[in-house]
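Reader: I am in my first year and would like to look slowly at one part of this structure, beginning where a helix ends. Could you take me through it carefully, and then go on to other parts that help me see how such elements are described?

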Amino acid sequence: MGPRVGLRNRIATVRATALLELRNPTSSTPAGGHTYENRWRPGGGVHRRRFSDDPISDEDEDDLERESYVAYVTEVIRRVREDGPTSTVIGVIGPWGSGKSSVMGLVSRRLARDWEVVEFTPWGYANDDAMATGFLAELHQVLPIRPWVRKRKIIGKAGRAVSPAGALAGLVGVDGRTAIQDLADWIEGDASPSAALRSAKEAARQLKTPVLMVVDDLDRLSPTELLMVFRLVRFVGRLPNVHYLLCYDERTLLDLLMRTDLAATESRARDYLEKMVQVRLDLPPLWEEDAEAMFLRELYSVFAERGIEVDAADRERLNDAYRLTMRHYLTTPRAIVRFVRQLDAFLSALNQEIDPIDFVLVTWVRTFEPAVYELIQKDRENLTSHDLVGDIAVHDENAKARWQSSLKALGGEDRDWFVPAIAAILGIMFIRFDGAWTDSFYSDSVYKDLARSKRIGHQDYFDRYFAFAIPSGDISDADLAAALAPTESGFDQAAMDRLRDLTKVGSARVYRKISQALRDETVRGGEALKFVVAESRVSMTQVGDGGAEGWHPSWLVKEALLATSYEELESALRDACKTRGGIAVVALALSRIKDEVEMDYYPSERSWKRELSLALDVVAQAVERELHGAVGVQKLSREDLALVRIMQWVSPEGSRDFLRRRVLSRDIVTVTAELLPQLSEGSERWVGPAFPEVLDRYFGRGWLVTHAENLVSVAFPPSERGPDRLQWRDNAQMRITIAAASLTQAMRQWDVDGGAS
């Protein structure tokens with residue numbers, strides 16, 4: 001068995017052992033204390049240079065625990081020396097970002113005691129001449145000064161013999177002013193390259209300390225630059241006791257070689273590469289569990305630095321996203337660090353104002369699939385809208401087909417996993433996408449939970465994830481709390497001003513956020529009540545006949561009332577009811593609360609019965625204050641009439657007292673005509689058995705009978721649909737006619753029923 005075969009066998013044995021140790025470490029706690037079990041522990045394995053792409057230079061920084069592989073490469077290099085004073089090229093092969101440079105740095109440190117180690121980076125030179133100069137300069141300088149001065153000169157002369165004349169002045173030790181004279185001196189002797197190289201080899205053979213030149217970043221070169229490096233290494237620098245450690249991505253080098261005249265096919269390119277590199281060392285792959293552990297260590301160190309905590313549900317979302325999608329991309333240390341670097345750079349501006357897991361996922365999309373990132377922004381409305389049928393959210397039936405088409409175009413034919421992988425991460429971020437993709441439905445409460453968690457799938461939080469800050473049309477949750485939850489030092493006036501400004505621009509988002517803050521108990525109910533009443537500017541005419549269609553500020557006022565403590569309730573209500581609009585919106589809210597109290601809707605520990613009684617008294621007093629001067633006016637305004645209707649249900653006796661006093665100052669028919677609700681022109685007005693009950697509620701049957709004794713019976717105007725239906729025309733005469741007819745009918749009915757009661 002020849003020495004080269006024996007070396008290959010020894011290398012294979014060492015490599016197999018090293019890989020086995022890396023894959024299945026014998027120690028339960030590897031170097032650095034990062035076990036697979038503690039990978040969720042925030043702060044473990046903090047990367048000390050998160051924003052730097054420089055390779056590590058100390059084994060204490062090795063989070064990937066590649067000590068065994070470093071030892072293996074070091075051992076191979078030392079055994080290469082045992083073959084005698086030869087020149088061997090060793091290749092460390094791994095994909096971009098796999099940590100080759102870091103491994104080489106650690107190997108260099110280990111060899112520094114008994115080797116002369118020099119680094120050469122051909123990518124850093126502007127042209128071939130400069131590259132050749134740099135190569136020779138590095139080789140020239142690494143040789144010991146004494147007693148090898150003469151040998152340095154011989155090797156330098158060999159370099160000049162085979163290098164472009166234009167590079168002479170760049171050689172270390174050659175004065176540019178005397179470069180031409182040096183060239184002349186050299187020509188006077190044996191000027192052939194082969195003769196110079198023979199002399200150089202003889203000098204290098206006598207070196208006691210071997211030389212290792214580490215050549216990194218070969219996969220960044222152009223095809224011609226790559227060939228120049230190989231020529232320098234295998235011809236110029238092929239000296240005894242001078243060895244080379246080349247680092248490269250094999251796939252890239254094969255592609256580069258196929259772009260030269262030397263290798264038209266991949267097979268030819270591979271043959272050429274094997275001729276250049278005598279010993280091949282493959283960097284062990286980053287195993288999936290190691291990649292996941294590294295990612296989680298880095299991620300949770302970022303979270304720990306910012307005080308961000310995650311619960312089991314958050315971890316489950318992240319686990320699903322990693323397993324289904326992210327693992328396809330986070331396959332090298334560089335990819336992981338690059339991704340975490342993006343998180344670290346932009347998370348500071350938002351921190352507690354977003355959902356951290358959603359921010360991780362959308363940052364992943366932005367980093368690795370920017371085209372998908374753009375699609376998400378373009379489809380904002382569909383991804384965050386909230387259409388309900390009853391309490392169930394429905395999805396856009398065309399959304400799945402639209403997204404399938406877009407993702408197929410982005411994924412191409414060679415990534416058959418792309419569409420399901422991207423769909424999985426989109427489904428985790430957006431419940432509406434998930435509903436369309438899986439043909440499933442979710443309840444209204446699920447969508448509201450998105451706001452509670454500040455999720456990207458909610459319309460009020462989506463923009464934050466793309467602006468990397470609180471957008472101009474939004475307010476931070478912290479500012480909202482500062483405005484509506486004053487501390488001992490008082491209000492945050494700047495936050496309050498911003499809240500008011502946003503409400504003027506568009507109140508819907510502000511009101512939704514206040515509603516969520518009330519549920520989360522991050523703002524005080526009394527302060528929210530005063531703010532909403534003051535900023536909503538509800539007019540009395542919006543009260544109508546006692547209700548409001550669709551969403552209305554009174555819904556939020558209701559939430560604020562329910563969140564206000566009993567001790568603060570009276571004061572907050574008196575502030576809210578200082579204006580007629582405030583009375584209106586509070587009354588509407590209380591009407592809904594009253595219905596729910598009567599149905600025992602609230603828990604026994606706070607049934608709200610005591611609070612409701614107090615609230616109705618405060619509103620009644622406010623209405624009485626507003627109606628105080630309206631008893632004898634010629635005609636009640638629409639706002640006065642709205643107040644009368646509010647008084648009628650918050651304090652029936654107070655309402656009757658006001659109307660009776662107005663009847664005494666006016667007359668029963670006129671006052672009744674005022675109370676008729678506004679109807680659309682031309683609509684039918686039914687005067688039937690229910691109307692006497694309305695009159696009874698407003699005036700009281702007994703009192704009305706007594707004061708309507710002299711009422712003249714009024715006949716109804718003709719109607720095609722019977723004597724009880726009239727075509728409405730909103731004028732004084734029609735109102736008087738309807739009022740008189742209604743009173744006459746009530747009197748007759750009560751007489752039949754047995755008179756006044």
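Author: Asp439, which follows helix 19, has a positive phi, near 55°, in what is a predicted model. The helix before Asp439 spans residues 431–438 and is mostly covered, since six of its eight residues are buried. Those buried residues are Ile431, Arg432, Phe433, Gly435, Ala436 and Trp437, so that an arginine stands in the list beside residues such as Ile431 and Phe433.

A strand can be read in a similar way. In strand 1, residues 89–93, five of five residues are buried; Val89, Gly91 and Ile93 point one way, while Ile90 and Val92 point the other way, and all are buried. Strand 1 runs parallel to strand 4 (residues 242–248), to which five bridges join it, and here Val89 has Tyr244 as its bridge partner. Strand 1 is also joined by four bridges to strand 5 (residues 279–282), again running parallel, with Arg280 as the bridge partner of Gly91.

For two helices together, turn to helix 30 (residues 638–650) and helix 31 (residues 652–665), whose axes lie 5 Å apart at an angle of about 135°. The two are therefore oblique to each other, because an angle counts as roughly antiparallel only over 145 degrees. Helix 30 contributes Val644, Met647, Gln648, Trp649 and Val650 to the contact, and helix 31 contributes Pro652, Gly654, Ser655, Phe658 and Leu659. By class, seven of these contact residues are nonpolar and three are polar, with no charged residues.

Key. Residues numbered from 1 in each chain as written. Predicted model: local features only at pLDDT ≥ 70, side-chain atom pairs only at ≥ 80, totals over all residues. Heavy atoms only, no water. Buried < 20%, exposed > 50% of the residue type's maximum accessible area, 1.4 Å probe, protein only. Pairing = 2+ DSSP bridges. Axes fitted to C-alpha atoms, helices over the stretch in contact; angles between N-to-C directions. Parallel < 35°, antiparallel > 145°, perpendicular 65-115°, else oblique. Contact = heavy atoms within 4.5 Å. Nonpolar A, V, L, I, M, F, W, Y, C, P; charged D, E, K, R; others polar.
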